[in-house]
Amino acid sequence: MSNSEHPPGEGTDVQAGKAPAGSSCAKRQLLAALTTTDVTIRRLDLLLSEANGQERVLATINYVASMLHHLTASAPWIALQTRLGILARLKGRVPTKNVTPASSKSKFAALSSLASETRYNLRLFGLLPLWIWGAETLKSPPADPILHALTVLQVISNVIYQLLENVGYLASKGVVSKRFVDKYGGLAKWDIWSTRGWFGHIFFQFFVLWRQSVLRRQRLAAQRAAAGTVETKETKAEDSEALRLEIRAWRKSMVNNVIWAPLCLHWCVEKGIGIPDSLTGLISFCAGAWSLHDCWAGTTSVKA
């Protein structure tokens, strides 16, 4: 009976016809997913192979992990405080005991600390590019005397920052004698003065950006005055694109500087200026977000 109702091979042929189509579709989806993953990993490898990209990735891990740590640490505490407040209002009184959350180092805090320490280790070589920057400034100084003076001041500020940080960090690890550091104020003082050196760079950068803006306006005014010269469409397009990139880089530096300035000033003062620790990760991330975006965008040439 069953053989007459379902001739041999009929059901098998239909399923066989469907199976290859479904299998082919699944294979295409799997291949597409693997290709996308391969390109992403290659772009990430390229990003990490560059010093600036490596620093930006580590900094992002550092700041995002810090944010997550404070969020996960504060969420149970806020919920507890809310419940206590509701109970207190229901009972018509205010709780007499101040309950404090238990302090525990979360995995996010450990990750943030690890990323931060890795960045400290990498910055031990930070004096080398500063030497090159200073040497190039002496050999080929900026044509504008104001920019020249500001650049020299920034080089000095960064050397102070990096030198003090390196010695203090090595002393904290027992590589450099801690007696020497303690003799001149201790690790806390060295850390503050190191940050002040960094703040010096940020402070002078505002004047650098102001001077660059003035010089750009003067240059554009001179170009408009000489507009009678013969220019092709290609030349105008190239000049326009170069100007767009110049202004974009200027804005990027300004945004970075404006965001870092209050946070760095907060770290320069022994008691701070009132910025809560829970916001330092978010502010730091915002300061470097544009740079991270550009670093990642620079890897778009990678193909599977």
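**Exercises on helix α8**

W210 is found in helix α8, and the exercises below start from that helix in what is a predicted model.

**Exercise 1.** Determine how the axes of α6 and α8 are arranged relative to each other, and which classes of residue make up their contact.

*Solution.* Two packed helices are described by the angle between their axes and the distance between the axes. Helix α6 covers residues 145–172 and helix α8 covers residues 187–225, and their axes come within 8 Å while crossing at roughly 160 degrees. Angles over 145 degrees count as roughly antiparallel, and α6 and α8 are therefore roughly antiparallel to each other. As for handedness, α6 passes α8 in a left-handed crossing. Sorted by class, the contact of α6 with α8 holds 17 nonpolar, eleven polar and two charged residues.

**Exercise 2.** Identify the residues that form the nonpolar surface patch, and state which element gives the most to it.

*Solution.* The patch is made by I146, F203, F207 and W210, and its area is about 390 Å². Helix α8 gives the most to this patch, with three residues; W210, as stated at the start, is found in α8.

**Exercise 3.** Work out which parts of the chain are tied together by the salt bridge between K189 and E270.

*Solution.* A salt bridge requires a side-chain nitrogen of Lys or Arg within 4 Å of a carboxyl oxygen of Asp or Glu, and the side chains of K189 and E270 meet in such a bridge at 2.8 Å, N to O. K189 lies in helix α8, whereas E270 lies in the loop between α9 (233–268) and α10 (277–297), so the pair ties together parts that are 81 residues apart in sequence. By this rule, the count of salt bridges comes to eleven.

Key. Residues are numbered from 1 along each chain as its sequence is written. This is a predicted model: local features need pLDDT of at least 70, side-chain atom pairs count only at pLDDT 80 or more; totals for chains, interfaces and linings use all residues. Side-chain values use heavy atoms; hydrogens and water are left out. Axes are lines fitted to C-alpha atoms, for helices over the stretch in contact, and angles run from 0 to 180 degrees between N-to-C directions. Helices (H or I, at least four residues) and strands (E, at least two) are DSSP runs, numbered from the N terminus. Angles under 35 degrees count as roughly parallel, over 145 as roughly antiparallel, 65 to 115 as roughly perpendicular and the rest as oblique. A crossing is left-handed if the near helix is turned anticlockwise from the far one by less than a right angle, and right-handed if clockwise. Ala, Val, Leu, Ile, Met, Phe, Trp, Tyr, Cys and Pro count as nonpolar, Asp, Glu, Lys and Arg as charged, and the others, Gly among them, as polar. Patches are made of residues with over 30% relative accessible area and no salt bridge: like charges are joined within 9 Å, nonpolar side chains (Val, Leu, Ile, Met, Phe, Trp, Tyr) within 5 Å. Accessible areas come from the Shrake-Rupley method with a 1.4 Å probe; for residues, only the protein chains shown count as cover.
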